[in-house]
Structures are given as C-alpha cells and as structure tokens.
Amino acid sequence: MKTLVAYYSRSGNNRYLAEVLAEKLNAKILEIKPAVNLLFFQILFTACKFGKTVRFPADADNTYDLLVIAAPLWMGSFANPVRAFLKKYANRFSCIACATCCGSGETDKDSAFGYEKAFADIRSTAGERCIASLALSTSLLVSEDKKTDEAALMAARLDSSTFSNEIDTRIQEFVNSITEKAGH
Ligand SMILES: Cc1cc2nc3c(=O)[nH]c(=O)nc-3n(C[C@H](O)[C@H](O)[C@H](O)COP(=O)(O)O)c2cc1C
C-alpha cells in the first residue's frame, strides 16, 4: 500500500511527528503549504472554518492509497491548511489516519478544545475511510512539575531530546493499527 504522510506545522512538533511516522511507514512525506501562511490568517481561517487553497504535488496525483495526516490543533480543530487539504484531496485516498501533537490530553480530550472533537471532525469528512487516530499531548514532553504549566506546555517541543519510550510506544501502536486495518 502506497502511503503519503502529509503534515502542517508551525513550531516543528508535528513536522517531527510526521518524520517519525514516514520512517516507520516507509512513506513519502509532504509538507502542506497553504496559499497564505501568515499565522494570524491561518488562525482566523481555522476559527471561521474557511477553506483556503493548498497545493498537492503533481507527482503524487492519484498514486497513494493511504494518507496519514500530522498537524496541530487550533481552537478545537485541525489547523486550517489541513482541513482545506482534506476537503480538496481526501477522496483520492482509500484510507486516512490522523495524528496530532497537541495541547490537550487525556483529561480534557472531550472538551471544546480537546482532540476528540477534532478527530470527530475528520471522521465526518472521511467517514469509514478514517481508520486510526493518535493524539500526543505536549504534557508528554515536559517534566512532572511542568505538566499544568500552560507556558511550559506551549513552549514544549517534540524533538530528539524529548522523544521518549512512551511516545515511541504510542506511535508504534498507531502504526500497527494502521498496518492492520489498511493492510499496509
Ligand atoms: C493559537 C493556538 C491554538 C491552539 N489550540 C489548541 C486546541 O484547541 N487544542 C489543543 O489540543 N491544542 C491547541 N494548541 C496547541 C498546539 O496544538 C500545540 O502547541 C502543537 O503541538 C503545535 O504544533 P506545531 O509545533 O506542529 O505547530 C493551540 C496552539 C496555538 C498556537
């Protein structure tokens, strides 16, 4: 099964996550590039659920079966470029899986800004083609005493220095689930 890992990232967390996923899945990696990439506009577009054009590389036209998305959550949704990308290209893929390194965690996952709402949003676009989801909270990247420190959580970065066995296990379980369900 030919796999594309498409990511959007402002501060690098989801780029790192996408790179790990692409390596584990032996997939091609693609950065989602919105037509307008100014943070203010992207946050505004996310809040308004406004679809803005993103580009799909010509060499990837209709050749992939599985799409894995990695992107941040903003205000309870996947960042706007990802939603625009899915709206435009989701039906080219027979299976979709989504992953995020985000601020919310197990305790607030069902809140207005929690990751469950964002995953439900993707499922409403992709339906049964959405086969797996993974949320890695930025609280996994900080020490025990910083887990409720908002500033520390916003500044936390997923990289080789914060990558832990727990994160690796969670990513591997996600990859195994994709492999099993998509026959990768
Ligand atoms: C403007 C803004 C809004 C955010 N809203 C949410 C949210 O609603 N839910 C959440 O779980 N995380 C939220 N976050 C946290 C980001 O998802 C998190 O910092 C993410 O790891 C950043 O990813 P990146 O480094 O790939 O850009 C928000 C961050 C920003 C900057």
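Student: Which residues have the most contacts inside the largest nonpolar core?

Tutor: Good place to start, but keep in mind that this is a predicted model. The largest nonpolar core has 54 residues, and V5, V68, A70 and A99 are the ones with the most contacts inside it. Strand β6 gives the most to this core, with seven residues.

Student: How confident is the predictor, and which element has the lowest mean pLDDT?

Tutor: The mean pLDDT of the protein chain is 91, with 93% of its residues at 70 or more. Among the elements, helix α2 (residues 39-48) has the lowest mean, 72, while α1 has the highest, 98.

Student: What pattern does the chain follow when I read along the sequence?

Tutor: It goes β-α-β-α-β-β-β-α-β-α-β-α-α. In total that comes to six helices and seven strands. The radius of gyration is 15 Å, close to the 16 Å that the globule rule gives for 184 residues, so the chain is as compact as a globular protein of that length. If you like box sizes, the C-alpha trace spans about 45 × 35 × 25 Å along its principal axes.

Student: What percentage of the residues count as buried?

Tutor: Of the 184 residues, 39% count as buried. You can also look at who touches whom. Take contacts between residues at least 6 apart in sequence: 75% of them join residues at least 24 apart.

Student: Let's look at the strands. Which strands does β3 pair with, and in what sense?

Tutor: To read pairing, look for bridges between two strands and check which way the strands run. Strand β1 (residues 3-7) and β3 pair in the parallel sense over five bridges. On top of that, five bridges join β3 to β6, and these two run parallel as well. You can follow it residue by residue: V5 has V68 as its bridge partner in β3, and V68 stands opposite A97 in β6.

Student: Is β3 (residues 66-70) mostly covered or mostly open?

Tutor: Mostly covered: five of its five residues are buried. Check both faces when you read a strand. Here L66, V68 and A70 on one side and L67 and I69 on the other are all buried. For a closer look at A70, leave aside its neighbours within four places in sequence, and its contacts include V5, Y7, L17 and A99.

Student: What does β6 (residues 95-102) pair with besides β3, and over how many bridges?

Tutor: It pairs with β7, in the parallel sense, over seven bridges. One point to find on screen is I96, which stands opposite C130 in β7. Now trace the path from β6 through helix α4 (residues 115-126) to β7: together they make a right-handed β-α-β unit. As for β7 (residues 130-137), seven of its eight residues are buried, so it is largely enclosed by the rest of the structure.

Student: How do I decide about single residues? Are L73 and E23 buried or exposed?

Tutor: Count the C-beta atoms within 10 Å: 20 or more means buried, 12 or fewer means exposed. L73, in strand β4 (residues 73-74), is buried because it has 24 other C-beta atoms within 10 Å. E23, in helix α1 (residues 13-25), has 12 such neighbours and so counts as exposed.

Student: How far apart in space are E23 and L86, and L73 and L136?

Tutor: Both examples put the partners 63 residues apart along the chain. E23 and L86 are 22 Å apart, C-alpha to C-alpha. For L73 and L136 the C-alpha separation is 11 Å. Beyond its neighbours within four places in sequence, L73 has contacts that include F78, T100, C102 and Y115.

Student: What about backbone angles? Which sign of phi do N26 and M75 have?

Tutor: The general idea is that most residues other than glycine have a negative phi. N26 has a positive phi of about 55 degrees, although it is not a glycine. M75 is not a glycine either, and its phi is positive at about 50 degrees.

Student: Where do N26 and M75 lie?

Tutor: In loops. N26 lies between α1 and β2 (28-31), and M75 lies between β4 and β5 (77-78). N26 is exposed, with 9 other C-beta atoms within 10 Å. M75 counts as exposed too, with 11 C-beta neighbours inside 10 Å.

Definitions and conventions
Residues numbered from 1 in each chain as written. Predicted model: local features only at pLDDT ≥ 70, side-chain atom pairs only at ≥ 80, totals over all residues. Helix = DSSP H or I, 4+ residues; strand = E, 2+ residues; numbered from the N terminus. Pairing = 2+ DSSP bridges. Right-handed = clockwise from strand over helix to strand, strands pointing away. Rg over C-alpha atoms; globule rule 2.2 N^0.38 Å. Contact = placed C-beta atoms within 7 Å. pLDDT = per-residue confidence, 0-100. Core = buried A, V, L, I, M, F, W, Y, C linked by C-beta atoms within 7 Å.
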